[in-house]
Amino acid sequence: MEKNINKRPDMLNKIYELRQEEFEVENSKDRKALSKILNEVKLEEIEDKINELSKKDAKSIIQKLDLLVENYEIQIAYYSQKNYKQGFKDAICLCTQCLQDDDENK
């Protein structure tokens with residue numbers, strides 16, 4: 001039975017490799033999806049404003065910083081939800097495969 005175990009592919013590595021390939025494809029799609037919902041503000045734009053620092057610009061800088069923070073929150077929520085769902089699916093598939101392998105070896 002130990003020889004059988006050693007010949008089996010490491011399913012966690014297989015899942016990781018497949019997910020890594022899928023991740024690269026999904027990453028491009030994710031960037032497109034996020035670009036539609038993110039605020040249009042750039043760090044460089046804020047830095048330029050700070051370098052010109054005047055009272056008039058202070059309000060604008062604060063507003064842009066708020067939008068930038070909001071962008072990060074949107075991205076974190078998006079990826080957290082996506083990765084949680086995929087992790088759960090992977091765990092269920094792994095458990096199912098282990099149970100099937102266990103049944104076959106009995």
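This report describes helix α4, the salt bridges, the cysteines and the aromatic pair of a predicted model.

**Helix α4 and its surroundings**

Helix α4 runs over residues 55-104 and comprises 50 residues. At 1.5 Å a residue, such a helix should span 74 Å, and its end C-alpha atoms are 74 Å apart, so expectation and model agree. Seven names make up the list of buried residues in α4: Asp57, Ile61, Lys64, Leu68, Asn71, Gln86 and Asp101. The elements that cover these buried residues include α2 (11-37) and α3 (43-51).

Lysine 64 illustrates how α4 meets its surroundings. This residue lies in helix α4 and, at 18% relative accessibility, counts as buried because the cut-off for burial is under 20%. Apart from residues up to four places away in sequence, lysine 64 touches Val41, Glu45 and Ile46.

**Salt bridges**

Side chains of opposite charge can pair when their charged atoms come close. In the whole structure, six salt bridges are found. Three of them are set out below, each with the separation of nitrogen and oxygen.

| Salt bridge | N to O distance |
|---|---|
| Arginine 19 and glutamate 22 | 2.5 Å |
| Glutamate 45 and lysine 64 | 2.7 Å |
| Aspartate 90 and arginine 19 | 3.8 Å |

The contact of lysine 64 with Glu45 is also a salt bridge, with the closest N and O atoms 2.7 Å apart. Glutamate 45 lies in helix α3 and lysine 64 in helix α4, so this pair ties together parts that are 19 residues apart in sequence. The two partners fall into separate accessibility classes: glutamate 45 is partly exposed at 31%, whereas lysine 64 is buried at 18%.

Arginine 19 takes part in a salt bridge with glutamate 22 and in another with aspartate 90. The bridge to aspartate 90 links distant parts of the chain, since arginine 19 belongs to helix α2 and aspartate 90 to helix α4, 71 residues apart. The bridge to glutamate 22 stays inside helix α2: the two residues are three apart, and therefore separated by about one helical turn. Arginine 19 is buried, with a relative accessible area of 17%, while glutamate 22 is partly exposed at 37%.

How far does the network around arginine 19 reach, and which residues are linked in it? Salt bridges join Arg19, Glu22, Glu26, Asp30, Lys82 and Asp90. One of these, aspartate 30, is found in helix α2 and is buried, with a relative accessible area of 5%. Leaving aside neighbours within four places in sequence, aspartate 30 is in contact with Tyr78, Tyr79 and Lys82.

**The aromatic pair**

Two of the residues that touch aspartate 30 are Tyr78 and Tyr79, and these tyrosines also pair with each other. The search of the whole structure finds one aromatic pair. Tyrosine 78 and tyrosine 79 form this pair, with 5.3 Å from centre to centre and 85° between the planes. The arrangement is classed as edge-to-face, because planes over 60 degrees apart are assigned to that class. Tyrosine 78 is partly exposed at 25% relative accessibility, and tyrosine 79 is likewise partly exposed at 25%.

**Cysteines**

A disulfide is a covalent bond between the sulfur atoms of two cysteines. The structure holds zero disulfides. Cysteine 95 is in no disulfide, and its nearest cysteine sulfur, that of cysteine 98, is 6.6 Å away. Why is the sulfur of cysteine 98 not bonded to that of cysteine 95? The separation of 6.6 Å is too far for a bond, because a disulfide requires sulfur atoms within 2.5 Å. Cysteine 95 is partly exposed, with a relative accessibility of 46%, and cysteine 98 is partly exposed at 46%.

**An exposed position in helix α2**

Is glutamate 24 buried or exposed? Glutamate 24, found in helix α2, is exposed, with a relative accessible area of 55%. The C-alpha atom of glutamate 24 is separated by 40 Å from that of alanine 58, which stands 34 residues away along the chain.

Key. Residues numbered from 1 in each chain as written. Predicted model: local features only at pLDDT ≥ 70, side-chain atom pairs only at ≥ 80, totals over all residues. Heavy atoms only, no water. Helix = DSSP H or I, 4+ residues; strand = E, 2+ residues; numbered from the N terminus. Expected span 1.5 Å × (residues − 1). Buried < 20%, exposed > 50% of the residue type's maximum accessible area, 1.4 Å probe, protein only. Contact = heavy atoms within 4.5 Å. Salt bridge = Lys/Arg side-chain N within 4 Å of Asp/Glu carboxyl O. Phe/Tyr/Trp six-rings, centres within 6.5 Å; stacked < 30°, edge-to-face > 60°.
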